[in-house]
Amino acid sequence: MRKTDAQLRAELVKSGRQLFEDGFCPATSGNISVRLDSHRILITPTGVSKGEMKPEDMAVISPEGQHRFGRKNASSEKQMHLLIYKLRPDVHAVVHAHPPKATAFACAGIPLDQPIASEFSQALGSVPLAKYGTPGTPDLAAALAYLVPHHSAILMGNHGVVTYGNDLFDAHGKMELVEHFAEIVQGTLLAGRQAQLPPEELKRLNEAAVRYRAGAQRP
Ligand SMILES: [Zn+2]
């Protein structure tokens with residue numbers, strides 16, 4: 001059943017509080033959005049801690065970025081969210097944060113594409129690294145554009161992470177998975193070696209993921 005606007009506002013509050021408490025969005029950083037319908041996006045406001053948002057703080061914008069409703073202005077990163085909704089009609093939620101371990105990889109210029117953890121590879125495949133774009137400018141969205149159709153989690157060069165999915169639970173969970181995987185990769189780098197899964201096993205994992213998603217979508 002389709003969720004009401006009020007339910008989705010409450011979900012944004014809850015997701016923001018969790019991201020803040022997990023240390024993924026220090027100060028006022030990070031932004032979250034959901035697609036309400038084909039002509040409205042609900043997005044977190046600019047300049048507000050993700051740990052202290054209220055349902056009425058959210059801004060409603062059009063797919064072109066015009067302010068439609070709300071006392072506060074939309075996040076300055078709204079163009080990135082809009083680009084993802086435009087390129088991915090299947091996506092209904094976008095989360096952008098700066099989780100410290102994954103962001104360290106983004107700042108080191110290292111993608112999280114190591115085929116070493118079976119369930120992560122199955123859930124997210126590889127997480128590529130987009131080139132740097134100045135925050136709050138069209139450059140940032142442009143740097144992501146060619147990756148958005150093929151991935152659902154991207155490291156943003158010298159910046160942070162963006163994840164997206166068919167609902168906020170999905171997009172938020174992917175952010176947690178990326179940070180968890182970054183910690184695992186960090187551990188293997190400290191250990192000085194990585195045991196890579198063979199290509200045929202990655203193919204098997206991918207096929208199982210496709211079957212699982214098809215099953216999950218069945219009514
Ligand atoms: Zn950011």
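**Exercise 1. State the strand order of the open sheet and find its edges.**

Solution. The open sheet has eight strands, in the order β4-β3-β2-β1-β5-β8-β7-β6. Its pairing is mixed. Strands here are DSSP runs of E with at least two residues, helices are runs of H or I with at least four, and both are numbered from the N terminus. Two strands pair if DSSP finds at least two bridges between them. Now take the ends of the order. β4 (67-69) and β6 (129-130) stand at the edges. Each has a single partner strand, so one side of each is left without a neighbour in the sheet.

The model is predicted: local features need pLDDT of at least 70, side-chain atom pairs count only at pLDDT 80 or more, and totals for chains, interfaces and linings use all residues. Residues are numbered from 1 along each chain as its sequence is written, and side-chain values use heavy atoms, with hydrogens and water left out.

**Exercise 2. Describe how β1 pairs with β5, then place the helices that pack on the sheet.**

Solution. Start with the strands. β1 (residues 31-37) and β5 (residues 93-97) run antiparallel, joined by four bridges. Serine 33 stands opposite valine 94 in β5.

Next, the helices. α3 (residues 100-108) packs on the sheet and touches β6, β7 (153-156) and β8 (160-165). Contact means heavy atoms within 4.5 Å. The direction of α3 makes about 60° with that of β7. Helix α6 (residues 168-191) also packs on the sheet, touching β1, β5, β7 and β8. Its direction makes about 145° with that of β8. Axes are lines fitted to C-alpha atoms, for helices over the stretch in contact; angles run from 0 to 180 degrees between N-to-C directions.

**Exercise 3. Find the buried side of α3 and what covers it.**

Solution. List the buried residues: Ala102, Thr103, Phe105 and Ala106. Buried means under 20% relative accessible area, exposed over 50%, partly exposed in between (1.4 Å probe, protein chains only). These residues cover an arc of only 150° around the axis, which puts them on the same side of α3. The arc is that of the directions from the helix axis to the C-beta atoms. The cover includes β6, β7, β8 and α6. Just after α3, glycine 109 takes a positive phi of about 75°.

**Exercise 4. Trace β7 and its two partners.**

Solution. First, the side chains. Ala153 and Leu155 point one way from β7, Ile154 and Met156 the other way, and all are buried.

Second, β6. Two bridges join β6 to β7, and the strands run parallel. Leucine 129 stands opposite leucine 155. The chain crosses from β6 through helix α5 (residues 138-144) to β7 in a right-handed β-α-β crossover. Right-handed means that, with the strands pointing away from the viewer, the path from the first strand over the helix to the second runs clockwise.

Third, β8. β7 and β8 run antiparallel, with four bridges. Valine 161 is the bridge partner of leucine 155 in β8. Their hairpin has three residues between the strands, and asparagine 158 takes a positive phi near 55° there.

**Exercise 5. Is valine 161 buried or exposed, and what does it touch?**

Solution. Locate the residue: valine 161 lies in β8. Check the accessibility: at 0% relative accessibility, valine 161 counts as buried. Then list contacts, leaving aside neighbours within four places in sequence. Among them are Val95, Ala102, Leu155 and Met175.
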